[in-house]
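Dear colleague,

I am handing over a structure that I would like you to look through before we next talk. Please open it alongside this message, and then read on for what was found in it.

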There are 4 protein chains.
Amino acid sequence: LKEQAEALCNGARECARRWWLPATSGNFSFRSSAEEGGRIFITASGLDKGSLTPENLVEVDLDAQMVAGEGRPSAETRLHGVIYRDRPLARAVCHVHTIWNTLLSDRFAEAGCVTLEDYELLKALSGVDTLRRREMVPILENSQDYVGLGRTLEEALRLHPAIHGVLLRRHGLYTWGESIGVALRHVEALEFLFEVEGRRLRFAD
Amino acid sequence: LKEQAEALCNGARECARRWWLPATSGNFSFRSSAEEGGRIFITASGLDKGSLTPENLVEVDLDAQMVAGEGRPSAETRLHGVIYRDRPLARAVCHVHTIWNTLLSDRFAEAGCVTLEDYELLKALSGVDTLRRREMVPILENSQDYVGLGRTLEEALRLHPAIHGVLLRRHGLYTWGESIGVALRHVEALEFLFEVEGRRLRFAD
Amino acid sequence: LKEQAEALCNGARECARRWWLPATSGNFSFRSSAEEGGRIFITASGLDKGSLTPENLVEVDLDAQMVAGEGRPSAETRLHGVIYRDRPLARAVCHVHTIWNTLLSDRFAEAGCVTLEDYELLKALSGVDTLRRREMVPILENSQDYVGLGRTLEEALRLHPAIHGVLLRRHGLYTWGESIGVALRHVEALEFLFEVEGRRLRFAD
Amino acid sequence: LKEQAEALCNGARECARRWWLPATSGNFSFRSSAEEGGRIFITASGLDKGSLTPENLVEVDLDAQMVAGEGRPSAETRLHGVIYRDRPLARAVCHVHTIWNTLLSDRFAEAGCVTLEDYELLKALSGVDTLRRREMVPILENSQDYVGLGRTLEEALRLHPAIHGVLLRRHGLYTWGESIGVALRHVEALEFLFEVEGRRLRFAD
């Protein structure tokens, strides 16, 4: 667990350095194995992720109820729980706020999703072995009603079993993976492709 | 005080690394508690903030008169004083020059303000608990007459009790908070939203 | 060899820091001298290049057959072999995925190449001593058939003896040099010019 | 001298980190005081400035003739000499290649100069104490004939006694100052304003 906590914090500090977790926003978590209790270890609310350490993680169950640790879990912990329930193989969830995911989540809100296609880097997504893959990233309307938002997220996860991430409009990206390394790789790959798509749009103007 | 001075300098060095304090520009300050004298500790004029240390802070009173320290306070110390007088809860003030705040301060000068709305990251602003908040950032005409500029700033602060920052046209952002951490969080959140708004404009072209 | 391995890893870590090797993408290699066996030492597949060390290199022959090391060589090792065969003086090959090389590789795909001309920085390319040089970077259609892609690359290298790099569409840049330092210099120079060209296009709109 | 050499190298490494000296391009120098011989200490040709140390500086006279040190002076040393001759107070010269100076040097080539006006950051330029200042940065056609280019530079310096920098078209910026710190401050201020102007153009489209 200690090793996983270190890996998660390293990843979060690196994302903070890239300004993907501005102003204490965003949250990262991992889930312990079933033998270890299947608990969620998530960044406590309101911290600057640039100096995150394992002590800044709190332990919660899948219903987002606090088990151990100092600080309080973010209100968005519920969304992490929804992802872990619906994706039994997911062992880590990353949520980042970036310039380009914010822009695309708004630009394509009416279309309902960002579509990524024909990029070599799509092969960085778990289980994708062909760049011909049409990868869809659904966009959900943002809300402060986390119960309602949790339900919308659950529906999206069920409707789209092959997706690797979800955008909340004018808010940020949720992505996950079967390990901390894979979840971080998904952040990098999706954010790279969001920036490429965002800049490409303006060539086409 | 030592701890606060360290926190302010860490924040300034990080902002310098992001090129938000180019060419010795910008200045950061904190105010000691009433019991400690209610003095302003502000970065001395003309320093490269990338290597700022607590020794580079000078102590002044609310009228920007030097009390202690080496170096001289910036001419803009007066503006920090105006903010501390008008916002009794403010304990830190940050002033940064960035590419995007410079651009938006000019682009929206005639409108008189930048308006930020419906972004999740607005919740990083102190006291804002809903993203439906319409956050206004007034734009003041820049000037070298700091007495006159101080008066204009005072008026803006009184006219708009709920704002978290003010832009000086083609100059930079002033923001503040009830602690050093909050003021730095406001810098990050506002600059993030300025860049998003700036880039969004061109999608809409 | 140890020194070369260190130099290659330093360069890769620096490129990773610039986000030119996102999400474990890209691969770097060097070729030992004929006296040392003329073997290729290439980054193992699937690693985060931000923390690359010499132990993460695998040794292969020019046919991309594994000789020594832990991990497996990337499927793209074959393309490195093609370059080393066709460019006997090349001692290092760098392959990076960047925002701007991805954008230009798509924008100019129909033209078949990106053309760079009249830039001082062209003189950073090996053997180019005049900025009047018209430098062509051919664009090849991307594919997952690495045998076919190897053949296409071979043809491009033979058809254009003076080129310093090749773009794969919506995938990335291959460049090389007579030493590790020169190959890394070519990455920097070509990526700089790709970004300039990409941004210049929009001025011209 | 040792202290100045360290300051110059620190500045160059920082500029390299920002990708302002890509692919071994650019060169920095300082001039020793008259009592110390009035010699130029300049970065040797062909080095990666990201790891520059004082040993990488070579000593030349104002005619660019080698006096001491290892490596060879850049062909552009002549241009440094021209600046030091024509600006007797200049004690340091910085030459950087950046995305935005390359773009503006081309975009405004026919106008013959970039004009910067009404920016607070203009006050970072030595001797400028009003933001109403209209700062002109002349653009010279680039050339490989360094003798001819030196003459053109000399004419520009004489014609425009108040300028702080000169752009070579599709090549880069030369700027200087009465100390190393001031020259580096000029790099930062001018590059900041070039990026603002470049991005502003596209708002105005």
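How many salt bridges does the rule find across the interface of chain B and chain D? Please keep in mind as you read that this is a predicted model. The answer is zero salt bridges across the interface of chain B and chain D, although the rule does find ten residue pairs in polar contact there, both residues of each pair being at pLDDT 80 or more.

Let me stay with that interface for a moment. On one side, 27 residues of chain B are in contact with 26 residues of chain D, and the area buried between chain B and chain D comes to about 2,300 Å², with carbon and sulfur atoms giving 58% of it. Trp19(B), Gln144(B) and Arg170(B) supply 30% of the area that chain B buries against chain D, which is more than any other three residues supply. Turning to polar contacts again, ten residue pairs are found across this interface. Helix 1 (2–17), helix 3 (99–107) and helix 5 of chain B each supply at least two residues of the side that touches chain D, and helix 3 of chain B gives the most, with seven residues. By residue type, the side of chain B that touches chain D divides into ten nonpolar, nine polar and eight charged residues.

The interface of chain B with chain A can be read in a similar way. Here 26 residues of chain B are in contact with 27 residues of chain A, and the two chains bury about 2,300 Å² between them, 58% of it on carbon and sulfur atoms. Glu120(B), Phe192(B) and Phe203(B) supply 32% of the area that chain B buries against chain A, more than any other three residues. The count of salt bridges between chain B and chain A is zero, while ten residue pairs are found in polar contact across the interface, again with both residues at pLDDT 80 or more. Helix 5 (residues 180–203) of chain B gives the most to the side that touches chain A, with twelve residues, and the residues of that side divide into nine nonpolar, one polar and 16 charged.

Next comes the way in which the copies are arranged. As background, two copies of a chain are related by a rotation about an axis and a shift along it. For chain B and chain D, a rotation of 90° with 0.0 Å of shift along its axis superposes the one on the other, with an RMSD of 0.0 Å. That is the relation of a four-fold axis, and the C-alpha of chain B nearest the axis is that of Arg202(B), 5.7 Å from it. Chain B is likewise superposed on chain A by a rotation of 90° with 0.0 Å of shift along its axis, at an RMSD of 0.0 Å, and in that case the C-alpha of chain B nearest the axis is that of Arg202(B), 5.6 Å from it.

Which surfaces do the copies use when they meet? Only 11% of the interface residues of chain B are also interface residues in chain D, so these copies meet through different surfaces. With chain A the figure is only 12%, so there too the copies meet through different surfaces. Some pairs of chains do not touch: no contact joins chain B and chain C, whose closest C-alpha atoms lie 11 Å apart, and no contact joins chain A and chain D, whose closest C-alpha atoms also lie 11 Å apart.

Within chain A, two helices deserve your attention. Helix 2 (residues 77–86) is largely enclosed by the rest of the structure, because eight of its ten residues are buried; among them are Leu79(A), His80(A), Val82(A) and Tyr84(A). Helix 3 (residues 99–107) of chain A is also largely enclosed by the rest of the structure, because eight of its nine residues are buried, including Trp100(A), Asn101(A), Leu103(A) and Asp106(A).

Finally, please look at Glu36(C), which lies in the loop between strand 1 (27–31) and strand 2 (40–43) of chain C. Glu36(C) is partly exposed, with a relative accessible area of 41%. Leaving aside residues up to four places away in sequence, Glu36(C) touches Leu1(C) and Gln4(C). The C-alpha atoms of Glu36(C) and Leu1(C) are separated by 8.7 Å, although the two residues are 35 residues apart along the chain.

With best wishes

Notes. Residues numbered from 1 in each chain as written. Chains lettered and ligands numbered in written order. Predicted model: local features only at pLDDT ≥ 70, side-chain atom pairs only at ≥ 80, totals over all residues. Heavy atoms only, no water. Buried < 20%, exposed > 50% of the residue type's maximum accessible area, 1.4 Å probe, protein only. Helix = DSSP H or I, 4+ residues; strand = E, 2+ residues; numbered from the N terminus. Least-squares fit on C-alpha atoms with pLDDT ≥ 70 in both. Contact = heavy atoms within 4.5 Å. Buried area = accessible area lost by both parts, 1.4 Å probe. Salt bridge = Lys/Arg side-chain N within 4 Å of Asp/Glu carboxyl O. Polar contact = N/O pair within 3.5 Å; in protein donor to acceptor, adjacent residues only side chain to side chain. Nonpolar A, V, L, I, M, F, W, Y, C, P; charged D, E, K, R; others polar.
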